[in-house]
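Got the viewer open? Let's walk through this one stop at a time, picking a selection and looking at what is there.

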4 protein chains.
Amino acid sequence: MANFGGHAIPGTFFLLYGFWLTVKHVLQHYWRTTQPKGRQVMPPFFKRMEYIEGGFKIFASFVGIMVEQFVVDGPHAHLYDRENASWVKLMNWQHSTMYLFFGISGVALIASITIKQVPIGVDRLALSFALFVEGFLFVYHVHGREPLDAHLHSLLLFAVFAGSASTLLEVVIRNNILLELFRADMFMLQGSWFYQIGVVLYPLNGDKWDLKQHDNMMFVTMCFCWHLALSLLLVTCTAFIVWFTTTRCSTKRRDIEIGMRNTSSKTSSQKALLEESDEE
Amino acid sequence: MANFGGHAIPGTFFLLYGFWLTVKHVLQHYWRTTQPKGRQVMPPFFKRMEYIEGGFKIFASFVGIMVEQFVVDGPHAHLYDRENASWVKLMNWQHSTMYLFFGISGVALIASITIKQVPIGVDRLALSFALFVEGFLFVYHVHGREPLDAHLHSLLLFAVFAGSASTLLEVVIRNNILLELFRADMFMLQGSWFYQIGVVLYPLNGDKWDLKQHDNMMFVTMCFCWHLALSLLLVTCTAFIVWFTTTRCSTKRRDIEIGMRNTSSKTSSQKALLEESDEE
Amino acid sequence: MANFGGHAIPGTFFLLYGFWLTVKHVLQHYWRTTQPKGRQVMPPFFKRMEYIEGGFKIFASFVGIMVEQFVVDGPHAHLYDRENASWVKLMNWQHSTMYLFFGISGVALIASITIKQVPIGVDRLALSFALFVEGFLFVYHVHGREPLDAHLHSLLLFAVFAGSASTLLEVVIRNNILLELFRADMFMLQGSWFYQIGVVLYPLNGDKWDLKQHDNMMFVTMCFCWHLALSLLLVTCTAFIVWFTTTRCSTKRRDIEIGMRNTSSKTSSQKALLEESDEE
Amino acid sequence: MANFGGHAIPGTFFLLYGFWLTVKHVLQHYWRTTQPKGRQVMPPFFKRMEYIEGGFKIFASFVGIMVEQFVVDGPHAHLYDRENASWVKLMNWQHSTMYLFFGISGVALIASITIKQVPIGVDRLALSFALFVEGFLFVYHVHGREPLDAHLHSLLLFAVFAGSASTLLEVVIRNNILLELFRADMFMLQGSWFYQIGVVLYPLNGDKWDLKQHDNMMFVTMCFCWHLALSLLLVTCTAFIVWFTTTRCSTKRRDIEIGMRNTSSKTSSQKALLEESDEE
């Protein structure tokens, strides 16, 4: 991980996952608000999305663990070196542990879709655990580094623990679009901040940052707020585009199905449903 | 900001905003409690109030950012000075960032009124973000100052973070008059405390305070509690005057409309409605 | 306050207030669980209890402030001594501030009973503020003392802030007997711990405690848990006695009113009501 | 406690209690989800389970206190040694205090089953107190030890306080299977971590760990996450086995009772009930 690429890869993953979550939850929200009140069985399309997400998580975690373990300078599944009386490549083992918990959250997601007896909310609880473990290991990861390096990573922890807390809240408060988008936002923020860490610690143009200067720390704190504003903008735009496209498509389909019809009454009932589901 | 005026201006803004919030929420609460239970569409008068508030926030944030950037000794939109390898006027950039988030909260407020698809509660979430970012930047703002100076600013953080937390709670618990007045109170407290900071650090009569004396810190802590008591008094009085005036006016209007009528039965049903909406 | 009596007086007050709260809330809970579901208007007896409590709080706070100000070595309402450029008797001013907020909570209690328009929960919010301000001032009260002294006072803060948090929760969750008894318990714990502080710092038999020995701190921590157990026992016994007496009395009265009757059916419906009100 | 056995005994107790809780709550959840909606009186079988649990807790606490007090090198109920002016065996007194609170939680459990007037949730509140007191005493238990020793115990506190917080939440949110299993999981984690502490501080093969090496602390942090993953696996497997066995048994019984019948319709209604109870 000690290079720019090692921060860009997780950053890209988290950014894309944030996008995916935004799209998924806006679609689900659209479906919830346009359904009549009664029987709300999730359509197969959403189930398939969850299967893909869960499957990808399990696959990516497995690959991640394998790479961390069997890369050239990795621990190759050795934990303790008896000859030197020292632990072998603890950093790789830590990353493997993080991947393991994201893998568990993938298993929980698929189980909660497939098996009827699994209590609702297990997927969110497992995701909350995964984020907590990531943050928990990061806290000790940072120990004894330069001030700016430590500060950059501790700012990351804000995004990680805020995401973990909001996901835990979702176990109790279900189907709240704001909480769901907040989670997506925290993943995006995490992703973009990974890039920022890479840029500061391993600058591509070679200009080293002074890791002890106080002004740099002040700039970095402010920069975190800019990333937050940017991630909010990204989530808002993505949500708008998805909502707009979906409304346009479904309106067209209905028009075709039942010919020309005045849809103004539908829109107002949509609004009422929207408000009801938000107030729950 | 390093003078009395630089603290009096934001102080005045926050105080007035606290007053505005008190008036707005008491009016809304009056309207909620006097409406019959069924269809509760917000009347255009309240919508217009929200538009004015949102518009003012966006306008004030824009002006604030412009002033911070293009004031005589400002950064003039330059962030990094390559020649001296140093950041340009980070303090002004920090203030601009704070204004930016209050501007975002204004946009969210207007969007949540105008666009039907925007989930309810977005305005509160954005305001909570704005307060959080303000507090977040203040934490590092204070670094390395004199004890009394740091203490004064850390007391301000109590008002800021308490306001942020209660506003976040309003995303889930809607239309609770106590939470809404608590938010107004925290803005007033913040405003009056800005004045206090100005008075202590840049005394108008010229007597410098000893920034290291422990007794001064103890006094300042106690003084913060007095500001809290004062702001509670201000909110209570404002709420009482608004409620009293509104009741008087609306009673008169009804008397004129339908002639003389015994209003005692109305009052008791008002009370019942009041209790119901509070217990929700 | 720097003697045993100065800790015994607030200790006695808080202990008695804890008892009063237990009795009051058990009576209210009994009344809630035995009422039929429909119209639940608080009987005048409970209103009178609240008036007495509120009136006593205002009176006691007023007396407290007067005593702290005009006692022989008090500040006599002087805050700043210009000649010596120092604050006058800040400790007395701090105690006056604490009393002020308990007085405010008394005013809020009476207002919430008397005036119909006051939102429900204001009394709890004001009490929560009073406890918060007490703890808040204590935090800086303790600064720079001996380790055992500081530890004794910081343990007190657990009871104060736990009480403040649970009272704040009561603003949202109304009529939950467990929360109400928890509050009573925290007042009792605070009261008994004031006695303990007095005993340790100003021992009646004259044996001074070593304020720096680690074993003393460990004992004091454990002793706090014993006070907690004791206060739980006191609340439980008080609640049991009040409940038992009330049931006995009201059963007798009903028997007299409508002659001999089998009350077994009543008891089972009581139980059902009890469960319903707790699950809310 | 200063040997491997002294950590293995509480570890075994907590592990078994975690198993017991998993079995109990999965059975209760099965019963809740298969009952028709109306009258839900707890069957005598569950009452008996609670009696056994409560009785065992009281018995075990009593034995624990007696052993801690009257073991050969125990304090024999002496608290203060006047001759040496020192406390007698504070460690044993601390453990006795912890047992006392678990005993109180046993009493609360039995009382909440037996006595109709005891408010629902008292058992959870008492258990939350017991865990809080355990953690509270541990915080000062650890004072002044070697870094690795202190770190091992502070990791234990995560499990203890997380369990205390989730149990406190159960006072308000009843019958949520995820919260109940989380509690069981935290007890298992605590139990298995007690074993780990024993293994590290009093290794059975005699190889002493370096208590100051930073790599050891990093490994131990990661190892805690592995224990978490393991405990999640244990709870999941136990819950699955219990659920599977119960479903199989009750299906057989019904088949015998009413002859061959197509059970597919039952399964779908089970699912619906399951979802309803989880969403509550």
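**Stop 1: lay the chains on each other.** Keep in mind that this is a predicted model. Select chain C and chain B: a turn of 90 degrees, with a shift of 0.0 Å along the axis, lays chain C on chain B with an RMSD of 0.0 Å. The two copies are therefore related as by a four-fold rotation axis. Now swap in chain A, which superposes on chain B with an RMSD of 0.0 Å after a rotation of 90 degrees and 0.0 Å of shift along its axis.

**Stop 2: where chain C meets chain B.** Show the contact residues here, and you should have 25 from chain C and 29 from chain B. How much area is buried between chain C and chain B? About 2,700 Å², and carbon and sulfur atoms give 79% of that. On the chain C side, pick out Trp87(C), Lys116(C) and Tyr140(C): they lose the most area to chain B, and together they make up 23% of what that side buries.

Next, color chain C by helix. The elements giving two or more residues to the side that touches chain B are helix 3 (90-114), helix 4 (122-141) and helix 5 (147-172) of chain C. Which of the helices of chain C gives the most to this side? Helix 4 of chain C does, with 8 residues. Color by residue class instead, and the chain C side that touches chain B shows 19 nonpolar, 5 polar and 1 charged residues.

If you go looking for salt bridges across the interface of chain C and chain B, the rule finds 0. For polar contacts, it finds 2 residue pairs across that interface, both at pLDDT 80 or more.

**Stop 3: where chain A meets chain B.** Move over to chain A, where 29 residues are in contact with 25 residues of chain B. Chain A and chain B bury about 2,700 Å² between them, with 79% of it on carbon and sulfur atoms. Highlight Leu178(A), Met218(A) and Met222(A), the residues of chain A that lose the most area to chain B; together they account for 21% of what that side buries.

Hunting for charges and hydrogen-bonding partners across the interface of chain A and chain B? The rule finds 0 salt bridges there, and the count of residue pairs in polar contact between chain A and chain B is 2, both at pLDDT 80 or more.

Four helices of chain A each supply at least two residues of the side that touches chain B: helix 5 (147-172), helix 6 (177-201), helix 7 (214-258) and helix 8 (264-279). Helix 7 of chain A gives the most, with 14 residues. By class, this side of chain A has 18 nonpolar, 6 polar and 5 charged residues.

**Stop 4: a salt bridge inside chain A.** Over all chains, the count comes to 36 salt bridges. For one of them, select Glu180(A) and Arg32(A), whose closest N and O atoms are 3.7 Å apart. Glu180(A) sits in helix 6 of chain A and Arg32(A) in helix 1 (residues 4-34) of chain A, so the pair ties together parts that are 148 residues apart in sequence.

**Stop 5: the annotated spans.** An unreviewed UniProt entry places the feature "transmembrane region" at several stretches of chain A, including residues 12-31 and 217-244. Select residues 12-31 of chain A: the span is 100% helix and 0% strand, and its end C-alpha atoms are 29 Å apart. Finish with residues 217-244 of chain A, which are also 100% helix and 0% strand, with end C-alpha atoms 41 Å apart.

Conventions. Residues numbered from 1 in each chain as written. Chains lettered and ligands numbered in written order. Predicted model: local features only at pLDDT ≥ 70, side-chain atom pairs only at ≥ 80, totals over all residues. Heavy atoms only, no water. Contact = heavy atoms within 4.5 Å. Buried area = accessible area lost by both parts, 1.4 Å probe. Salt bridge = Lys/Arg side-chain N within 4 Å of Asp/Glu carboxyl O. Polar contact = N/O pair within 3.5 Å; in protein donor to acceptor, adjacent residues only side chain to side chain. Nonpolar A, V, L, I, M, F, W, Y, C, P; charged D, E, K, R; others polar. Least-squares fit on C-alpha atoms with pLDDT ≥ 70 in both. UniProt positions renumbered as here; feature names shortened; annotations may be inferred.
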